[in-house]
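Here's a walk through a few parts of this model, going from sheets to a helix pair to empty space. Have the structure open as you read.

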Amino acid sequence: MLMALGILVAGIFTDRLLPVAAVPNIPLPAFVILAHEPGASPKTMASTVAAPLERQLGRIPGLYQIMSFNSLGASNVVLLFSRVGGAARDAAAIQAGINAALPDLPANLPSRPYYKEFNPASRPILTMALSSRTQRPGTVYDAADTTLAERLAQVPGVALVQINGAQSPAVRVNIHPGPLAHAGLTAEDVYTAIRAANLLSPLGEFRGPESDSVIAADGQLHTARQYRRIVLKTNGPGIVRLGEVASVVTGVTDTHQAAWDGAKPAVLVTITKTPEANVIATVDAIKKRLPDIRRALPAGVNLRVLTDRTTTIRASVSDIEITLLITVALVLLVVWAFMRRAAPTIAAGVTVPLSIAGTLAAMWALGFSLDNFSLMALTISVGFVVDDAIVMIENIMTYHESGLSPMEAALRGSRQIGFTVISITLSLVAVFIPLTLMPGIVGELFHEFAMTLTLAIAISALISLTVTPMICAHFLRPGIVAARPGSLSARLARGYEHMVGAYERSLDWSLRHRRLMLVLMVATVVATAMLYVRIPKGFLPEEDTGLVIGNTVAGSDVSFARMKTLQRRVVAVILKDPDVATVSSSIGVVNGFTPPNRGKLFIGLKPRNDRRLSAQAILAHLRPKLARITGIDTYLFVAQDIFVGGQSTNGQYDFTVLDPSLQSLGEVTSQIERRIATLPGIRAASSNQDKPEPEITVAIDRERAARLGVSVAAIDTALNDAYAQRQIARIYNAENQYQVVLTVPHALSESPSRLDHIYVAGRTGPVLLTAVTRFVRTSVPLSVRHYDGLPAATVSFNLAHGAVLGAVIHEVQKTIAGMALPPGVRMRFGGNARFFLRSIAAEPLLILAALAAIYIVLGVLYESLSQPLTILSTLPSAGVGALLALALTGLPLSVIAIIGIFLLMGIVKKNGIMLVDFALEAERTQGLSHEQAIRAACLKRFRPILMTTLAALLGAVPLALAFGTGHHLRQPIGITVIGGLIVSQALTLYTTPVIYLALSRWRRTQPAATYDTRPAGP
């Protein structure tokens, strides 16, 4: 009793300490190295920045994938590691690789490359918007950068706080080339003058006999007004100041950034977590800091949370907790229906909370969380944990009904059935051994589920062997009280007697037709194999998480102003949907992942109970409306809790096309994309390979330039100063540092025809750029991507309604294999599709490993080679039932359904164990023949087999009929268990005795006794 009380108290306390999450913590090590060179083309970034980094970083041990994404002025290298738990070691190796690449990187990078532990495929756990009607965008961004991002980055579990929609405040120097040249100056003179006028250097100190004084100079300029007064040139009494040849204004570092909260301009903040962080704990910690952050924001700046990824996670966990309570009630109803007494029902009922409490305590000690997988394990474990108690209680009740006192019945019943309980427990644990040891992401998903079940089973066995007999011994009534005629209890007893009589007659028939039963057994094995091969395969069911991610794609030559207009049209259409709560969107090159012709959308849906349609139905409703917006394509998909890979794409699944030739990559990818889009199972196929954008190549007339004293470096510098938004100086303030940006007015950057206004430094003064150059129109990639060092493009897609991932992947592979592609072109699936293929390859091996583990454990327990085969013969019928149930309900064989099949292997074989255990004991102690022993076992163990099967079946019903948040993730496991139990129960009660008799020749026979069809007594 004290042991039970201790387990209960431990479970109550640890329940509050367990973290809550959507899925088990799967730390997939991923790092991104970020580098920036404003104005550099994607091709330049790929060759001068990404390639040197890839060469050095690609040598790190444990690295299984390296990718780089290069766009205008930005390059990001993504590293994915195969091992788990070596983040500190990986980080040190990454920094060493960056240091080794520094000599090969361009000397004019504004800052050294740096790394973050961050997976670009991660979904944001929170999105927030800062907006203001009174403050400038730069001020709002500065508040986000210095106040919000800095404090949130300190929260444990936060990987990256990314700010979109604006840039930090800056002094923008918009030079006017004409007046500047008239003064005999060029942009490079402005650059030199500003850097010389804006200095902040240590100057030393005076050391007096009694006091010291620090020396400081007023060399730092802070405002646009101060920069306007910089002297560029003196000519006698005349002075040329910067304000006379340039517009010096307060602005932002990059003007090609925009974001919106709905239709309102805003600065967006997206927060992603580290791989090992618990999402709910992280979000709670962030929200705890928000009140202080709001008070610290400048007046007029408002902060609003747009999407919270934990809303549906909390709802899903709450729903499955309710499912758990319903399961417990149904299982106890089964016990009462068969026992029809309070004490046995209480004895079984006590087992459930004690087993769950002990499991919760063990989960906390192992660092597990309360998530969909562990709670599913706890829910389905109710049938398992009650099994042991049912077997024990039923056997004790059999002795009690024969006339023994409660204490004697408890002692004899527990002694007789103890080995059976141990056998059931150890063989159940053996089922999950391969799952707990499986590597990779699928192994991580299985691990916590399998370990939770294993813990629950072990604890329930301990309770069933100790607490359950104790309750029966002390709380059973000494005598048997007959049920009142006509009462529910009497009717149930009479119904059970009729059921046993029908089973006895059908059992005798099957024993007389053994060959037919053996044929039926072989047929189930064949049917299981055929169904497994033919049934569609899937990865994970798609969930309605309440968060929709969207990407917008315009033409490669779209201007920033045009992109803003198109993005607003997309948002306006989405906002009209009544089921949409919030829409945040952004455009502009924030990092190397996003080219300038692409935008991002985060759509928060209303809670499921407050909207009419599911997330997929909402997207189906929006797609035709968005397709009518000309000039821009919109791709939407529902964010999922599990999404792996190193890149964010336009769809849930993707594959990468590798081509040694960057020139042919675009055409090859377009061909593949067009062919893939025609497949019936695919919707919204697209690639991240845009059409080349126009490029103006400045062809230098070197002879003429030499005669005029114009160097190639001067031409390069003049173009950089004019169009690259060149950051030429830094302003230091108490809280942050700001840039001085050199550029030309917007009117001179609208068209290549304005290049005739640009001057370069010559021998005798400024020279028009057109005097020494001509302009050639060509095209260049809008972005350049590498995969394992090769040029690459990614094709992404979503599944059409009713399509199954396995069939779609097969069709994609078949289609690409039939295309005439250039030599060297290869294809690799990535993200969830890649891990799906790995899981499909591993599933047969896992099942075989589980069968081998069960056989070995049972062989050791029974000291026999044949008896384990008798018990394993119960499994094929369960497989047939599970696969048929999936086929009838239209569900694929997903990872979740495979978990259900493993559960069936544990549930169904207990029928065989109870029959074999009783038959062997009857042969050994009563001298019965094989036929007599197995027949007696079938009739005596019919009640516990029926009870445990019904308990497991009803325990799975709430999962199969689930309809709340997260129900898609739970349904396959309930459906497979129910289907497998129904078929196995119908067949194994007849095939198992026949298999037992067929294998009896393998072992030494006992002396045969007179054949008696009456069931053996207790």
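## Two sheets, a helix pair and a cavity

Let's start with an open sheet of four strands, which come in the order 12-7-25-24 with mixed pairing. At its edges sit strand 12 (246-252) and strand 24 (726-732), each of them pairing on one side only. Going from strand to neighbouring strand, the average turn is 25 degrees, direction ignored. Keep in mind that this is a predicted model.

In the middle of the order, strand 7 (residues 169-175) runs parallel to strand 25 (residues 737-743), and the two share five bridges. Want one to click on? Val173 has Leu742 in strand 25 as its bridge partner. There's a helix on this sheet as well: helix 6 (residues 187-197) lies across strand 7, strand 24 and strand 25, and its direction makes about 15 degrees with strand 24.

Now for another open sheet, again built from four strands, with the order 6-15-5-16 and antiparallel pairing. Why do strand 6 and strand 16 each have one side without a neighbour in the sheet? Strand 6 (158-164) and strand 16 (302-308) are at the edges and have a single partner strand each, so there is nothing of the sheet on the other side. Neighbouring strands here are turned by 20 degrees on average, again with direction ignored.

Strand 5 (residues 126-131) pairs with strand 16 in the antiparallel sense, over six bridges. Leu130 is a handy marker, as it stands opposite Leu303 in strand 16. Packed on this sheet is helix 9 (residues 279-296), which touches strand 5, strand 6, strand 15 (267-273) and strand 16, and its direction is at about 165 degrees to that of strand 16.

Here are the two sheets side by side.

| Strand order | Pairing | Average turn between neighbours |
|---|---|---|
| 12-7-25-24 | mixed | 25 degrees |
| 6-15-5-16 | antiparallel | 20 degrees |

Next, a helix pair. Helix 25 (residues 875-889) and helix 26 (residues 895-926) have axes that come within 9 Å and cross at roughly 145 degrees. The crossing is right-handed. On the helix 25 side, the contact involves Leu875, Ala878, Ala882, Leu883 and Leu886, and these meet Ala897, Ile901, Leu904, Met905, Val908 and Lys909 of helix 26. By type, the contact of helix 25 with helix 26 has ten nonpolar residues, no polar ones and one charged.

Finally, the empty space. How many cavities of 30 Å³ or more does the structure hold? There are nine. The second largest has about 180 Å³ of space. Its lining takes in 13 residues, and Leu540, Pro541, Gln640, Asp641 and Ile642 are the ones nearest the centre. That lining of the second largest cavity splits into seven nonpolar, three polar and three charged residues.

Notes. Residues are numbered from 1 along each chain as its sequence is written. This is a predicted model: local features need pLDDT of at least 70, side-chain atom pairs count only at pLDDT 80 or more; totals for chains, interfaces and linings use all residues. Side-chain values use heavy atoms; hydrogens and water are left out. Two strands pair if DSSP finds at least two bridges between them. Axes are lines fitted to C-alpha atoms, for helices over the stretch in contact, and angles run from 0 to 180 degrees between N-to-C directions. Contact means heavy atoms within 4.5 Å. On a 1 Å grid over the protein atoms alone, a cavity is a set of points where a 1.4 Å probe fits but cannot get out, and a pocket is an open set with protein on both sides within 12 Å along at least five of seven lines; lining residues have an atom within 4 Å of a point. Grid points are joined across faces, edges and corners, and a volume is the space filled by probe spheres set on the points. Ala, Val, Leu, Ile, Met, Phe, Trp, Tyr, Cys and Pro count as nonpolar, Asp, Glu, Lys and Arg as charged, and the others, Gly among them, as polar. A crossing is left-handed if the near helix is turned anticlockwise from the far one by less than a right angle, and right-handed if clockwise.
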